[in-house]
Amino acid sequence: MWIARAFQGIVAEILAKAGLFLLGFLTVSLNVILIFELLNFVSKTIFHTDMRGIVWGSLLIIALIGTTGFAMRSARAIKVKTVEIPITNLTKESTILYLSDIHISHTSDLPFLKKIIAQLNALEGDFVVINGDFIDGKGFSEADLQLLNSINKDVYLTLGNHEAYAGNAYVKQLLKNTKIRLLEDKVLHAHGWELIGLADMAGFDTEENHELLDQKLATLLTNTTTLPKLLILHEPIGPQVAEQHGINLQLAGHTHYGQIFPFTLAVKIAFPYIKGLYSFDTNTLFVSSGIWTWGPSMRLGSRSELVVLKLIPKG
């Protein structure tokens, strides 16, 4: 019986990955075909020559294969990026290793997780923050996640919308015997920071979520402290609202920077703060494009990143 279940699981995983590959290939193909059609339009307009033909078609096929291969490689090529941010209320330099959107869905993703852990262990940092969408599937056991205990730094985690899809209770059980510290609507003083980790808000940067963020921070931040405040929330929502509650640094992910162009354009409409640094009077928002992918294992116009946040006192 267990053999049949295992076989069914393998077949389902293969079919799912094949379908996602097709979706990614079609999206990448749209970009390539549009570029080729634009070049042909220019050729017909300026030189009165239609370039379409056997050679043109052959070049198109080569471009489709090459661009798809590039997109697949880009997804797995993790860029370690260092970002320096001056922080109000910070009295000494601090380094955070920051990542979001790992999206492990199947046990076949565990080698990629091991690769991430090796990179974390090789980098200098005070602690690690994983900001949501870590677990994205229900095929794991507690034993699978024990490798997290090999991380050589303290690790703080918030939950994202994909943990909710997999089941928050299931995810918490998986992480129960690991060194991961879950921050779910919780405040913790550690490493010279007041860490505020919020549960996923499952929505866009709307007035409704601004009000929810305002309520949560008002409830949680009841004690006076001189420590700098770090808000960890999966979605890039309401940095001005967070600033009103004394937040000095806000970390987000979720957007993947669109992952595959032209989805970037649609994501930008839903989340105006889509990638990188956004500075306000006393708060700075940093949005990561994520370390892995959702759906097709491809990136075009975005990068998978592990961010070293070098935080310095603001003069």
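How exposed is Glu37, given its relative accessible area? Glu37 has a relative accessible area of 36%, so it counts as partly exposed. Keep this residue in mind while we look around the structure, which is a predicted model.

**Charged pairs**

A bit of background helps here. Side chains of opposite charge can pair when their charged atoms come close. A search of the whole structure turns up 5 salt bridges. Three of them, including the one made by Glu37, are set out below.

| Salt bridge | Closest N to O distance | Separation in sequence |
|---|---|---|
| Arg52 and Glu37 | 3.9 Å | 15 residues |
| Glu305 and Lys81 | 2.9 Å | 224 residues |
| Lys172 and Glu184 | 2.8 Å | 12 residues |

Let us take these pairs in turn. Arg52 forms its salt bridge with Glu37. Glu37 belongs to helix H1 (2–47), while Arg52 sits in the loop between helix H1 and helix H2 (54–76). Arg52, at 44% relative accessibility, is partly exposed, and Glu37 is partly exposed as well.

The next pair joins two strands: Glu305 is in strand E12 and Lys81 is in strand E1 (residues 78–87). Are these two partners buried or exposed? Glu305 is buried, with a relative accessible area of 3%. Lys81 is buried too, at 18%, and it counts as buried because that value is under 20%.

In the third pair, Lys172 lies in helix H5, and Glu184 lies in the loop between strand E5 (180–182) and strand E6 (186–190). Lys172 is partly exposed at 35% relative accessibility, and Glu184 is partly exposed at 29%.

**Nonpolar cores**

Now for the uncharged side of the story. In soluble globular proteins, nonpolar side chains tend to be buried together. The largest nonpolar core here has 34 residues, and those touching the most other members are Ile102, Leu113, Phe134, Ile135, Leu145 and Leu148. Elements that give two or more residues to this core include strand E2 (94–99), strand E3 (127–131), helix H5 (168–175) and strand E12 (304–313). Which element gives the largest share of this core? The answer is H3, with 6 residues.

Leu148 makes a good place to zoom in. Leaving aside residues up to four places away in sequence, Leu148 touches Leu113, Ile117, Phe134, Leu175, Thr178, Lys179 and Ile180. Apart from this core lies another one, of 22 residues, with Val129, Ile232, Val307 and Leu309 among them.

Conventions: Residues numbered from 1 in each chain as written. Predicted model: local features only at pLDDT ≥ 70, side-chain atom pairs only at ≥ 80, totals over all residues. Heavy atoms only, no water. Core = buried A, V, L, I, M, F, W, Y, C linked by side-chain atoms within 4.5 Å. Buried < 20%, exposed > 50% of the residue type's maximum accessible area, 1.4 Å probe, protein only. Helix = DSSP H or I, 4+ residues; strand = E, 2+ residues; numbered from the N terminus. Contact = heavy atoms within 4.5 Å. Salt bridge = Lys/Arg side-chain N within 4 Å of Asp/Glu carboxyl O.
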